[in-house]
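Colleague: I am new to this structure and would like to begin with one chain. Please take a close look at chain B for me, and explain the terms as you go.

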Amino acid sequence: MKNILLLSLCLPLLVWAQQTPADPQSESILISGITAHIGNGTIIENAAIGFDKGILTYVGAAESAPASYSKTIAGNEQHAYPGFIGMNTTLGLVEIDAVRATDDEDELGEMLPHVRAAIAYNAESQVVESVRPNGVLLAQVAPRGGRISGSSSVMQLDAWNWEDALVKADEGIHLHWPSPFKRGRWWLGEDPSLKRDEDYDSDVEELAEYFANAKAYRNSHRPKHLPYHALKGVFDGSQRVYVHADYSEEIKESIEQLIKWGVQKIAIVGGHEAPKQLVLLKKHQIPVIIPRPHRLPADEDEALKSTFELGATLVEAGLTVAIEMSGRMERMNTRNLPFYAGSFAAYGVPYEKAVALLTANPAKILGIDQEVGTLEVGKKATLFLSKGDALDMRTNILSHAFIDGRELSLESHQTKLYKRYSKKVN
Amino acid sequence: MRNLLFGFFLLLGMELMAQSYYPTNLGTKTENSHYQAFTGVILHPQPGKTVENATLLIQKGIVVAAGTQIKIPKNTVIRKLTGQHVYPSFIDLYSSFGIAKAQSKTGQGRSTQYKASQEGGYWNDHILGNYQAVTDYSYDKEAAETYREAGFGIVNTHREDGIHRGTGLLVALTDDRTENDRILDATSSAFFSFSKSKQSNQSYPSSVMGSMALLRQLYHDADWYAGGNSPTKDLDLEAVLDQKSLPKIFEATDKLNVLRGAKVSRDMGLDWILKGSGQEYEQLQELKKYGNALVLPLNFPKPYDVNDPELLDKITLSQMRDWNLAPTNPAKVAATNISFAFTMDGLDDSSSFLENLRRSVANGLSKAKAIAALTTVPAKLIRQSNRLGVLKPKAWANFIITSGPLFDLDTKILDHYVKGNRHKINDIKQQDIDGKYSLQLGSHSLQLKLENSSQEDEIELTVTEGDVEWESSLKYENGKINLSLSSPDGLSAILEANIEQSSRIAGTGIDLQGNPIQWEANQKTKDNKERFLVFEPVATTFPNNGFGFKTPPQQQRLLFKNATVWTNEVEGILTNADVLIGNGKVLDVGKNLSDASATVIDATGKHLTSGIIDEHSHIAASSINEGGHNSSAEVTIEDVVDPDDIDIYRNLAGGVTTIQILHGSANPIGGRSAIIKLKWGASVEKMLFPNADPFIKFALGENVKQSNWGSYNRFPQTRMGVEQVFVDYFQRAKEYGKAWTQYNQLTGRQKRSAKKPRYDIEMETLWEILEGKRFISCHSYVQSEINMLMKVAERFGVRVNTFTHILEGYKVADIMATHGAAGSTFSDWWAYKYEVKDAIAYNGAIMHRAGVNVAFNSDDAEMSRRLNQEAAKAVKYGGISEEDAWKFVTLNPAKMLHLDDRIGSIKIGKHADLALWSGHPMSVYSKAEKTLIDGVIYYDAERANAQLDVIAEEKKILIAQMAQAANNGMTTQAPINSEKREFHCETLD
């Protein structure tokens, strides 16, 4: 441990500009002597991983690895994981929460399927570079607000600009299902208690009509209607609808309605009360992207660790589960994503399945599982090495990280200041 | 007879309207000095006393005699009321009768108002001491009738506006008189609350603790003013002094504020009468200790509608319990012998007052105490015992005549006399015959439904045969019923009857075929509206919510065997070690310990540590910021600790045992903090850490400059201004201290001629800092301001004890180490505002290596339950050793709070505040299994888990009760879940 620290303390002079995106992989690399967490629920002890031109060419027992690689990295019993994938993040859309000028996450209006998060993504965000050293290498970047917020895209987190960060553009549409309940705004003197929202039915009807129109639009296309046009993909399955819903009734109603409206692929984002709808979720194979466990229970009678137990409940039910980032201080907290999975593991999700919450499962939901999400030959070499268990904060200490075989910098604005002031103060 | 009598009284009333010394324009100036006697009554002259066949004799609105064997003068109008009951009419001490609501001040615009608008009075607009409600009073005939119908003849009314609301007046609710008759006392009592006046936007106080401080300061100022020390006039302070001997009534809006009112009352020696919350049943021990008289509402919650399971699911057990237990509140308060009165305030439907009164009696309140709470107790509290609340000679002739014993369900108030003036309430002959009846008319089996029969001319009848409705009409007058029915095929019947009893109506008539008949209708079900069930009350717990204890947990003698023990002492981390605790202390630490009397806990494979200490918490408080001024040193979080907060239990589940609840960061000089042990279920007094050094919150940067919200007119708006705030206040405190020191050195004789300095709670607090008796924990972010505060403090000979947040501490760690300030920081928060742009996760490590005492804190109700994992981030970011990292959340914060001689490590003699972890305490996979404070197990993971079933089971019982209540005709309410607010530094109250 101390040695690594010392080593890294010596490095800064050499790697000052390391936040510059890495060059394409120039030579084939074999990492051996590692424990490989494949991402799909399996693990290979004493493994080796080889990759060339950004593609995995070998994943298996260390002793069987071919010797043909130009460069070998001694794994030193480290753990290899597929690059972790942050779901429903706003990385790169806001730099500093309180500074409005840096906030590009929420556009004016209610029905904005045509609004695209990808083009506002700031590839040079200091927050983005701070999440990579903890293993988060890919992110679904999504807009916030409104009834239909817009489209999300998958980005890789070591890029010059949004365009070369794109892994999959506009892969999903984010819909906030109307809530059957509402609260008064206490700060305006209203009763803050939760009650039925009388507008609920009309809100759903409005949405139904919107989807009906968007569907009808596919047959005409004239005159061009930007929002309806942007919804095309949800009817042919090329885009997923991410339904933000927490209450049981929202989950049930949204799934039933969206299927009726002809939507092909659905995922629930949130799902605090998903355990009440397991049968329905299972029946339609709806993935659930659950919130950070670092939330308080909904009320004082709820199990103290209900938010931690949600993971196991859904995983045990056989659903495809991933973890989403929305909430307070969500961007900077993206670096804690691995520990959310660790927390779900602490409360019942078997370890390798907890790894899958950050790798295979989100890749599958995003439709990029042919390329990333697991360490399998033929997929992209997007992975990292950690000195120990990457889901536990004590041992999540990265030595290397690769995106498409490119070895990226693990430095950041934070490490830069650390080094500078360590010298000043000590 | 009745009409005649009524006419006579009307006349009598008219005559009495004229005051004896008023000129009259009538032909003759006469005065009625006749007596009135009510004979044959069952008289209840005072609580617990009943006189059968009694006579009540009154004259000119005053009782002349009450009892038996009363000599009736010749000029007496006698009213014979055989079998009817007479009670003194009720007194409501808490009312806003006849006083227009205060008008809200509008048009504040963008700027906040800091200065008072009023002149001539106190510096704060919310102190309306000089206001007299009588100046705005006008008799409200309709409201008076509502009161009288519920039995109230006297109200003590005031304007519900302000923290000091000025005085109220005592009014007799009698129509057809003048105010000269009605106003019994124009300044009967003074009223108080913690809520600000609507008439002013002056921002101070913005919190409950600010209101409490303001009230205390007001009374200090009044004392000082009384000594002739003020160079200027203050009409409010003069009013406060004038009110010294008046009864004082404080309105609390919730159960915690009841105790807070009691506290202010005790601190200032005020003997306030507290208008309660209805949840006193949870606070009986404490209320008994304070001993204040109470005014209790009878606005029991309605049962929740159980037909919306999704919404019902969001109702907490404590909400459901309150529905079940509220009707037992009066009985439980009565059992403590606390003196209490009832008020009608808070009831949205005044007709439910008697119903709820009866419900209280059905739930165990003695009838005598119930009557006393409406008559003698309020009379005594308002200092009118001889004239109100009793029926004895010289008392006002205020009484109700009822059809039966007051607490019988069917009993109605018939007449209400106020100052001898009669008000009819219910017609005695007009029996309530509401209900469903069956009537056999030839071959037709009819259902009759009668409603509103007790209201004259408003009776409604529905007649059905199966699903078919018949046309019908009904007249019900003078106890006689006339009914006509038309069958669907056009035949008619006419029926009549004299009502003798409501269960069976029988009489004569003509049937559908035109033949005379005898008929009877039998009551099948009585209308439900007056009925209620008495439900088995559920047990209260400590605290009274789902995870509360049935009985408070006790201190134990325990021996933890074979644990990995993180001592935080030179012994370091011991493996396979034992720890013995008893009497709340650590008794022994070592290997192979044994103790015959201790319960052994096998800790094999587990880790035992001292409990986590959170230097910066905002849980367990009802308010966090007093942002109304740029300094609020006069407020204290100790005033607003919320001992029932579920976050206490959730924190215990994270191994936390001691927290400092800090004031927020709304202003440079914040309020005093509360250091508490998380003794779930204990009272606030027992939670407060005994003999802890006192602390105060300071703050710097964007929050105190109000950079991130729309306020542009409070000084300071820049970091330059922030410095001057501290310099100014420290300088003033220094001069304040000097003035008092000089004054205190004077001889008694010199003092008499000297001007006494004004006692100022805020300055007292700041003076304590200068004297080294109170310590600073300062919210801080960027290096410039951190350095600045150290320099200002040094100028005044003060050391900044702790910088909290301190996210750029790493940039000035060397300066901090020299100054001797500790750093209590976040493990990895940043990027949420501009001043944390350079916040780095390595901050703790750098400060630690520079020799600064470092802690990780939460400032967050969620994070505080996993501070063990935050400590692990010191290992990850910066490579701090595990042993040292663990001290970031235990020993180091104990040092910051000057409590390391008692807590923060496992050492013989220290408090047995421990956490037993399932594994390595800093692992993401470990859980606290047991958390102990002073040797008491306050959290046990197994118990917490089992409690979920207990909660579900009790909810099931209560839901069944509520369903039964609804089926029985009780009005229900939609389930509403009250959101619990979460506090952070930036929460504005």
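Modeller: Here is a walk through chain B, with a short word on its partner at the end.

This is a predicted model, in which local features need pLDDT of at least 70 and side-chain atom pairs count only at pLDDT 80 or more, while totals for chains, interfaces and linings use all residues. Residues are numbered from 1 along each chain as its sequence is written, and chains are lettered from A and ligands numbered from 1 in the order in which they are written.

Let us start with the overall picture. Chain B has 26 helices and 41 strands; helices here are DSSP runs of H or I with at least four residues, strands are runs of E with at least two, and both are numbered from the N terminus. Its C-alpha atoms fill a box of roughly 110 × 75 × 55 Å along the principal axes. Of the 989 residues in chain B, 52% are buried, where buried means 20 or more other C-beta atoms within 10 Å of the residue's own, exposed means 12 or fewer, and partly exposed lies in between, with C-beta atoms placed from the backbone. Among contacts between residues at least 6 apart in sequence, 68% join residues at least 24 apart; a contact means that the two C-beta atoms, placed from the backbone, lie within 7 Å. The domain assignment gives domain 1 (90–103 + 117–386) and domain 2 (435–526), with bounds that come from an automatic or database assignment. The C-alpha centres of these two domains lie 48 Å apart.

Now for two of the sheets. An open one has 6 strands in the order E32-E34-E35-E36-E37-E38, with mixed pairing; strands pair if DSSP finds at least two bridges between them. Strand E32 (669–672) and strand E38 (854–856) of chain B each have a single partner strand, so one side of each has no neighbour in the sheet. On average, neighbouring strands of this sheet are turned by 25 degrees against each other, direction ignored; the axes are lines fitted to C-alpha atoms, for helices over the stretch in contact, and angles run from 0 to 180 degrees between N-to-C directions. E32(B) pairs in the antiparallel sense with strand E34 (residues 695–699) of chain B over 2 bridges. There, Phe698(B) in E34(B) is the bridge partner of Ile669(B).

Another open sheet has 3 strands in the order E30-E31-E33 of chain B, again with mixed pairing. Its edges are strand E30 (612–617) and strand E33 (674–677), each with a single partner strand, so one side of each is left free of a sheet neighbour. Neighbouring strands here are turned by 15 degrees on average, direction ignored. Strand E31 (residues 656–661) of chain B runs antiparallel to E33(B), and 4 bridges join them. Ile661(B) stands opposite Ala674(B) in E33(B).

Some loops deserve a look for their backbone. Most residues other than glycine have a negative phi, and most peptide bonds are trans. Phe542(B) and Pro543(B), however, are joined by a cis peptide bond with omega about -10 degrees, and Pro543(B) lies in the loop between strand E24 (516–526) and strand E25 (558–566). The bond from Phe715(B) to Pro716(B) is cis as well, with omega near 5 degrees; Pro716(B) sits in the loop between helix H16 (702–705) and helix H17 (719–745) of chain B. Asp176(B) is not a glycine, yet its phi is positive, about 55 degrees. Asp176(B) belongs to the loop between strand E8 (164–172) and helix H3 (179–182) of chain B. With 16 other C-beta atoms within 10 Å, Asp176(B) counts as partly exposed.

Finally, where does chain B touch chain A? The contact takes 51 residues from chain B and 45 residues from chain A. Several helices of chain B each supply at least two residues to its side, including helix H8 (309–312), helix H14 (646–652) and helix H26 (941–967). H23(B) gives the most, with 5 residues. By class, this side of chain B has 27 nonpolar, 9 polar and 15 charged residues; Ala, Val, Leu, Ile, Met, Phe, Trp, Tyr, Cys and Pro count as nonpolar, Asp, Glu, Lys and Arg as charged, and the others, Gly among them, as polar. As for the partner, chain A averages a pLDDT of 94, and 96% of its residues score at least 70; pLDDT is the predictor's confidence in each residue, from 0 to 100.
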